[in-house]
Structure formats: structure tokens, C-alpha cells
Amino acid sequence: MSKRGTNGADGGERIVRRKLSDQVLERLLEMITRGEIAPGETMPSERDLMERFGVGRPAVREALHSLDTMGLISISHGERARVSALSAETAIHQIDGVARLLLSADPDNLGHLKAARRFFEIGMVRSAAERARPTDIGDLRALVARQRETLGDAEAFISADIAFHRRIAEMSGNPIFVAVCDAMLNWLFTYHTDLLLWAGAEDTTLAEHDEIVDCIAQGAADAAAVAMGRHLDRSATLYRHHDAVG
């Protein structure tokens, strides 16, 4: 006589009935990954998908909404959904909302993010110093000049700051590095813009950026790493978690 297991009548794994929308989502993901629907093309209509999969409209709409949340399609009112181009940026963007909640939930997480950024950007600036071309140096100097022109406009100054650090990451030639850089910078700068305590530090930031570019231009990887570390250690004090701001 067989024993009845806790997971099922005969001790096997219990069969769990999956939601129709989850099954539709899986099929739609297969269609996209197989290239049946290419980036930029429109998805089949809701009615076509209902007929193809033999399901009702709610299951199709829920599956499409999931794809939209994942960044795999874009949905505009009154138009059919369109497949988005897959990229490292799309993948990293999926954790954006959770990351912002994480930062606001615990002051320690802001410190962890600053430490991660320091580690990452020191690696990026070393790579930049080893790979820099004249056009890269020209771009960096132009970005510092653009940032200098924005003095007095905090939002524009921050935007130029992000562009400067992003350009260094771009010199790696690795789109995943660029996507990670974008994510960390936006979590720090955008989410905490109102928490920045500038205290006249813009001129110091510009001087540090000039020093970093000089090191990159000289191909001095070690010096560039030291300059970047000093810059990030100093600028890290400009950030405060909301619980720490009086």
C-alpha cells in the first residue's frame, strides 16, 4: 500500500494549475525571442491573440500588460502594442522601481550604492585611460565645458555630471557597463536631487573632472583611478538619506 505524501496523493509533486494569462505571456515571450515579431513591429491584435490561443480578452490583456511592465513592448492608447528593441538598458531598467524603493527603505542602502558606484567607476576610468582616443578626450573636455556653463542651474549641472560619467563608461565599448552606469547615476542623482547639499562644491567638482580628463588623456590609469576615487569620496558627502536631513 503506497503512502500518501504531503505534496500529492502518491507522494509526488502537486500539479498546480497555472493562470491563463501566465501561459499567454509565456507564448508571447517565445514569439518575441524567436523573432516571429521583430523589434519595431506591432503585436497581433487582442482578437487575433484570443483566437490563436483560445483564451478570453482578460488573459490576453494581462499578458500584454506584463510585457509592457517588463519593457518588452510599448502600449499607446488607441494603438496596437509595439515590440521594443531588446538592450542591456531594457534589462537593467526592470530593477529600477525596486532599487528606488530599496534606497528609500533603509539609509544603509544608500551607503551600499555609493560604495558600489566607487568600485565600478574606478574600474571604468582605468579602462578609459587605457583605451582613450583623441575623440574621447575631446568629448570629455566638451562635457566639462558644458557643465561649467550650467553653474547656477542645479538640474542642468547634474544632467551634465551624469553625461560626463556616462561618457567614461561608454569608452569601455560594453553596453552593459553603460546601462549599469546610467542606473546607478540616476538612482543617486535623480532620486536624491532635492537632498544634495551643494554648499558651493560645483567648482570643486569641475576641477576634479578636469583632473580626471587630464589623467585619461595621458593614459595614466593609476593616476586616473586615484583622481576618480578622491572625487567620489569627496562628492559622496553631498548625499544624505531623507531620514538624515533635518
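Begin by selecting Asp 136 and Arg 167, both of which are buried in this predicted model. Their side chains meet in a salt bridge, with 2.6 Å from N to O, and because Asp 136 belongs to helix 7 while Arg 167 belongs to helix 8, the pair ties together parts that are 31 residues apart in sequence. Now widen the selection to Arg 133, Asp 139, Arg 166, Glu 170 and Asp 182, which are linked with Asp 136 and Arg 167 in a network of salt bridges.

Staying with helix 7, select Arg 148 and then Asp 210, whose closest N and O atoms are 2.9 Å apart in another salt bridge. Asp 210 lies in helix 10, so this pair ties together parts that are 62 residues apart in sequence. Arg 148 is partly exposed, with a relative accessible area of 37%, and Asp 210 also counts as partly exposed, at 26% relative accessibility.

Helix 10 also holds Thr 205, which counts as buried because its relative accessibility is 3%. Show what surrounds Thr 205: leaving out residues up to four places away in sequence, Thr 205 touches Gln 147, Phe 157, Asp 161, His 231 and Arg 234.

Next, turn to the largest nonpolar core, a set of 39 residues in which Phe 164, Ile 168, Ile 212 and Ile 216 have the most contacts. Colouring by helix is helpful here, since several helices, including helix 5 (96-105), helix 9 (175-189) and helix 11 (221-235), each supply at least two residues of this core, and helix 6 gives the most, with eight residues. If you centre the view on Ile 216 and set aside its neighbours within four places in sequence, you will find Ile 216 in contact with residues that include Val 125, Leu 140, Ile 168 and Met 171. A second, separate core has 20 residues, among them Leu 28, Leu 64, Leu 72 and Ala 81.

Now select helix 1 (residues 20-33) and helix 2 (residues 46-53), which pack at an angle of about 105° with their axes 12 Å apart, and which are therefore roughly perpendicular. Helix 1 contributes Val 24, Arg 27, Leu 28 and Met 31 to the contact, and helix 2 contributes Leu 49, Arg 52 and Phe 53; by class, five of these residues are nonpolar, none are polar and two are charged.

Finish at Lys 19, which forms a salt bridge with Glu 62 at 2.7 Å between the closest N and O atoms. Lys 19 lies in the segment before helix 1 and Glu 62 in helix 3 (residues 57-69), so the pair ties together parts that are 43 residues apart in sequence.

Notes
Residues are numbered from 1 along each chain as its sequence is written. This is a predicted model: local features need pLDDT of at least 70, side-chain atom pairs count only at pLDDT 80 or more; totals for chains, interfaces and linings use all residues. Side-chain values use heavy atoms; hydrogens and water are left out. A nonpolar core is a set of buried Ala, Val, Leu, Ile, Met, Phe, Trp, Tyr and Cys residues joined through side-chain atoms within 4.5 Å. Buried means under 20% relative accessible area, exposed over 50%, partly exposed in between (1.4 Å probe, protein chains only). Helices (H or I, at least four residues) and strands (E, at least two) are DSSP runs, numbered from the N terminus. Contact means heavy atoms within 4.5 Å. Axes are lines fitted to C-alpha atoms, for helices over the stretch in contact, and angles run from 0 to 180 degrees between N-to-C directions. Angles under 35 degrees count as roughly parallel, over 145 as roughly antiparallel, 65 to 115 as roughly perpendicular and the rest as oblique. Ala, Val, Leu, Ile, Met, Phe, Trp, Tyr, Cys and Pro count as nonpolar, Asp, Glu, Lys and Arg as charged, and the others, Gly among them, as polar. A salt bridge is a side-chain nitrogen of Lys or Arg within 4 Å of a carboxyl oxygen of Asp or Glu.
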